Structures are given as structure tokens and as C-alpha cells.
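Dear colleague,

I am handing over the structure we spoke about, and below it you will find what came out of going through it. Please read the notes with the model open beside you.

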2 protein chains.
Amino acid sequence: MTSTQSLVCVGLDPEIEKFPAHIRQRPQAILEFNCAIIDATADLACAYKPQIAHYAAVGAEEQLLETIRYIRQRAPGIQVILDSKRGDIGSTAEKYAREAFERYGADAVTINPYLGRDSAEPFLEYADKGVVVLCRTSNSGARELQDLDVGGRKLYQLVAEKVSKEWNSRGNCLLVVGATYPDELADIRRITGDMTFLVPGIGAQGGDIEKAVRNGRRADGRGLVINSSRGILYASQGEDFATAARRATLELRDAVNAARR
Amino acid sequence: MTSTQSLVCVGLDPEIEKFPAHIRQRPQAILEFNCAIIDATADLACAYKPQIAHYAAVGAEEQLLETIRYIRQRAPGIQVILDSKRGDIGSTAEKYAREAFERYGADAVTINPYLGRDSAEPFLEYADKGVVVLCRTSNSGARELQDLDVGGRKLYQLVAEKVSKEWNSRGNCLLVVGATYPDELADIRRITGDMTFLVPGIGAQGGDIEKAVRNGRRADGRGLVINSSRGILYASQGEDFATAARRATLELRDAVNAARR
């Protein structure tokens, strides 16, 4: 983050049908598209976040691997967050951790808390990796379970507290908190102190940048990784897609930086 | 199920380090192992459940695809449940549904309820496919969130009720309920009426077959898919692994059938 002075994370969620026509037909369309986006944004981002479903749906695991290799070579200081929202019993969670940290070599992975701490433990044991736990997600259905009253507070508040006070014994936990819920962002900041949040929901999902940053930032103006995927990747679907992606990233970076000061 | 008179699901969770030595070194070791297990159990099972982390950790997506093709050819009446416990916002959930139902052609997939109904909807829209929602999982950490009191009942009870009464409008929902918690099985049976449960936790995880079946069965003695993975796959780690797997499946089938009558 320091080198680029940016809190912006570029979500790498390739959807071939949204690619510019000249790339869509290429055999390695996803990799080519991602590399162009990375070239256009490497000096403006603090992280890249490939969402793995977009690769798994079309059998593009090799292109995901190649994309991550390209990030390492092109932008070695930038973090790679594998967004896979995994969650399973311990013996299986070990395999998922191996997928994220060994197969893909990600710096961090997103996980789901529903199965409890023992399901997170195999990820947490990679002490130098980030484990980003879903807390209050950006979708409208988030309310259904995450806002349930569990003895005077909401489930997401309890998750925030458990993760920050118990699961975080190695100091490698982060939380997912959607930009679409700025009040909850402020609330989770109060509960968790200095913890870093991964904040999706900007752009296509309609989250307000200024409110999200103001409510979610730490006292030092940091502690946030603000993700945009579709708003950057598909800013233009023409041949100028990379230039448009750069412009969108720059605007987001500047808007975030203005709001965090 | 009818053709084999069995409620047993064989979990296909390949761990190469547990394979017999003569298979471990083969280039398609996972596929060879799975095919031998399928040959040995096809007349004794109602379903196969590949747990996808075991393939993803070692980049064996092609062998998973080939395994499923082999099941279709060898045992066309048997269901394939892709155990991936996915959960993400709607636009991403669409990709995960595509992964499960189109790429792998599974008959059913496991999902996580933490993000709410809108995250399940893209799966539920495949009306002829099964959507197996995590309710009360088999691990000890399940208690941490799933047993929280949410206004006079537990979170897992609320999930059971929501899924059976609301999410199940197309009649294609199932629930995951661990055999390691027989009281909760009885409880969820009371809440959900006729819904089918996928029941892990037998064998390596220590669940009691008789209790689980008695407490979880419907009045007609069905409504359960009882999974065993390690207890079958690694019943022997010698050259007789397939024979041992058959014997373990047969014993489990008979124990389940005895308990459900």
C-alpha cells in the first residue's frame, strides 16, 4: 500500500461475454484481459482480488495461476487476495488452505465463519498469510442471518468481536464488510479497533465511497482495502478498456484518498 | 436410491498420501483410485459426493470431471453431490452454480447460508438440481455460531425453518445435518417435515449410525443420505483397498437399513 499510496483493490472477476470483441475469441482470453488490466493499474492499486468462481465456472484454473504469476512479476509489492469464501470442517479446510496458499500462492483468502473457529484454524495456521472472514457482506440478503439478534447484539457484531478477540491470536485476520452498509462499517470499526477491512460493494453494487471510507477508516486513515471489480474491469467494453480501467481506478483511488484524510 | 435399496453416500475425498503404494505414483492416481472405489461400491450406494477441496488443492479438476463421467457411465442411476459449500453474492453465486451444474454436471451442490437467500437463489433456479444447505455441521466448532440463541431458538433451527418454509419454494432444497449431533437431527426433522438430509460425520468423525438414522429418518424410513468418506476410502491402505471399501460400504448400508426400519 505504501508504495502506491492507494487503498484500492482491483477485483479480477473475468466475464468473457463482457470482454472487448478483439479479446473475447482468443484462446487465453481471460489471461490476456487480466494482464492488460494489471498493466493499466499496477501503480494505482494495493491489491488484486481474483474471485475464483469466475475461473472455476469456465475451467480456467491455469489462467488464474498465470494471472497471479504475472502480478508477482509485474507488481511484486502488491498483495493477492484469493476471494473464494471457503468454509468446511478442519480436515477439508486444510485442503482449501493448501489451494489458496500453496497452489495459488495467494497472500490472503476470504473465508466464511458459519462453521466456527475450528474451520478457520487451518487457514489461520499460515501465520504470514491473511485470513479475511466474512462479517457483514455487501448483498441485500446479508440482513437475513447476519442481522439476527443474538442476545442484545447482532450476529455480525458477534462475528466481528469473536474474530478480532479470539480468532486473531496470530494477528492475521481481516474482515469483509460491505460498503453498501456504512453504518455497520462504523459499528464494526468500533468493535474491532485496528483490524483491516476488505470492503466490497463500491461501483456496480452502489456503495457510497465517501461514507464507507469515513465510517470504516482507522484513526490513521488506513485499515481499509476498498475493492472494485466490475466498475474497473468493464468501465469500457471497447478497445479502450484498459485506459478506461486505469481512469476508473485513478478516480476511485483519489476519491478514497480524499475521504480518508 | 430405490435401485440399490441404500441410503449410503460414498464421499470421494482423495488424499494421495493415503492411497495404496501401487496407485500413488501413477499420473492419474486420483482418477484410478476413484474408479476402483466406484467399481467396488456402485451397487451399494445411492450417491457419490466428491469434496472439491481435495481436487482443488492439487489441481486435479480434470480428474474430478473424469470421475463424474465415469460415475455416469458405470452407475447412471446414482446421484452426484458436489460438496463445495459455496456462498457468495448473487452475481458470483451464478458462476458457482455454473461450476457445479454445468461444468461438473452435478445433481446437487452444498452451499453455505451465511449470506442469505439471495446468495442461494442462483442455485435454486436450477429447479431440477438439489441445493443442500449447511444447517448443523458435524464439526465441534459448529456450536460457536450455529447454536447461538436468536430469539428463543437456535440459529441452526432458524436456518432449518427458513430453508424448509421459504428457500424451498421449488422443492429442491436439502439440509446438511451432522451425524455427530443426533439430538439436533431429531430436532431438525421435527422442524422440516419431509425434507431430505445429507448426513456427514459417520466413521472417521465418530457419529453413531443407529442414533443418527433413528433420529433423522422420516416416517417412511427414508429422507436421509448418510455419507462416509474416509471410513470407506481408506478402510484398507493396502492392495485390497477396493475390497475393503466394498466391505465397509456394505456394513454401513446394512447398519443404516437395520436402523431405519
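Two strands are said to pair if DSSP finds at least two bridges between them, and with that in mind strand 7 (residues 197–199) of chain A and strand 8 of chain A, which run parallel, are joined by 3 bridges. Please keep in mind throughout that this is a predicted model.

I begin with strand 8 of chain A, since several findings meet there. On one side of this pairing, A:Phe197 stands opposite A:Leu224 in strand 8 of chain A, and A:Leu198 stands opposite A:Val225 in that strand. Strand 8 of chain A is also joined by 3 bridges to strand 1 (residues 8–12) of chain A, and these two run parallel as well; here A:Cys9 is the residue that stands opposite A:Asn227. As for the side chains, A:Leu224, A:Ile226 and A:Ser228 point one way from strand 8 of chain A, while A:Val225 and A:Asn227 point the other way, and all of them are buried. Because 5 of the 5 residues of strand 8 (residues 224–228) of chain A are buried, this strand is largely enclosed by the rest of the structure.

These pairings belong to a wider arrangement, a closed barrel of 8 strands in chain A that runs 1-2-3-4-5-6-7-8 with parallel pairing. Within this sheet, neighbouring strands are turned against each other by 30° on average, direction ignored.

Next come the helices that accompany these strands. Strand 7 of chain A, helix 10 (residues 209–216) of chain A and strand 8 of chain A together make a right-handed β-α-β unit. The buried residues of helix 10 of chain A are A:Ala212, A:Val213, A:Asn215 and A:Gly216, and they pack against strand 6 (173–177), helix 9 (182–192), strand 7, strand 8 and helix 12 (241–260) of chain A. Elsewhere in the chain, helix 6 (residues 117–124) of chain A lies across strand 4 (108–111) and strand 5 (130–136) of chain A, and runs at about 150° to strand 5 of chain A.

How are the two chains related? Chain A can be laid on chain B with an RMSD of 0.0 Å by a turn of 180° and a shift of 0.0 Å along the axis, and the two copies are thus related as by a two-fold rotation axis. In chain A, the C-alpha nearest this axis belongs to A:Val150, at 2.5 Å from it. The same surface serves both copies, in that 100% of the contact residues of chain A recur in chain B.

Turning to that surface, 41 residues of chain A are in contact with 41 residues of chain B. On the side of chain A that touches chain B, helix 3 (53–56), helix 5 (90–103), helix 6 and helix 7 (142–146) of chain A each supply at least two residues, and the largest share, 7 residues, comes from helix 5 of chain A. By character, the residues of this side of chain A divide into 14 nonpolar, 15 polar and 12 charged.

A few single residues also deserve a careful look. Most residues other than glycine have a negative phi. A:Lys85, however, has a positive phi of about 45° although it is not a glycine; A:Lys85 is found in strand 3 (residues 79–86) of chain A, and it counts as buried because it has 28 C-beta neighbours inside 10 Å. In the other copy, phi of B:Lys85 is near 50°, again a positive value in a residue other than glycine, and B:Lys85 lies in strand 3 (residues 79–86) of chain B.

A:Tyr104 lies in the loop between helix 5 and strand 4 of chain A, and with 24 C-beta neighbours inside 10 Å it counts as buried. Leaving aside residues up to four places away in sequence, A:Tyr104 touches A:Leu64, A:Leu65, A:Ile68, A:Leu82 and A:Glu99.

Finally, A:Glu66 is found in helix 4 (residues 61–74) of chain A and, with 16 C-beta neighbours inside 10 Å, counts as partly exposed. The C-alpha atoms of A:Glu66 and A:Leu31 are separated by 7.0 Å, although the two residues are 35 residues apart along the chain.

With kind regards

Notes
Residues are numbered from 1 along each chain as its sequence is written. Chains are lettered from A and ligands numbered from 1 in the order in which they are written. This is a predicted model: local features need pLDDT of at least 70, side-chain atom pairs count only at pLDDT 80 or more; totals for chains, interfaces and linings use all residues. A residue is buried if 20 or more other C-beta atoms lie within 10 Å of its own, exposed if 12 or fewer, and partly exposed in between; C-beta atoms are placed from the backbone. Helices (H or I, at least four residues) and strands (E, at least two) are DSSP runs, numbered from the N terminus. A crossover is right-handed if, with the strands pointing away from the viewer, the path from the first strand over the helix to the second runs clockwise. Copies are superposed by least squares on the C-alpha atoms of residues with pLDDT of at least 70 in both. Two residues are in contact if their C-beta atoms, placed from the backbone, lie within 7 Å. Axes are lines fitted to C-alpha atoms, for helices over the stretch in contact, and angles run from 0 to 180 degrees between N-to-C directions. Ala, Val, Leu, Ile, Met, Phe, Trp, Tyr, Cys and Pro count as nonpolar, Asp, Glu, Lys and Arg as charged, and the others, Gly among them, as polar.
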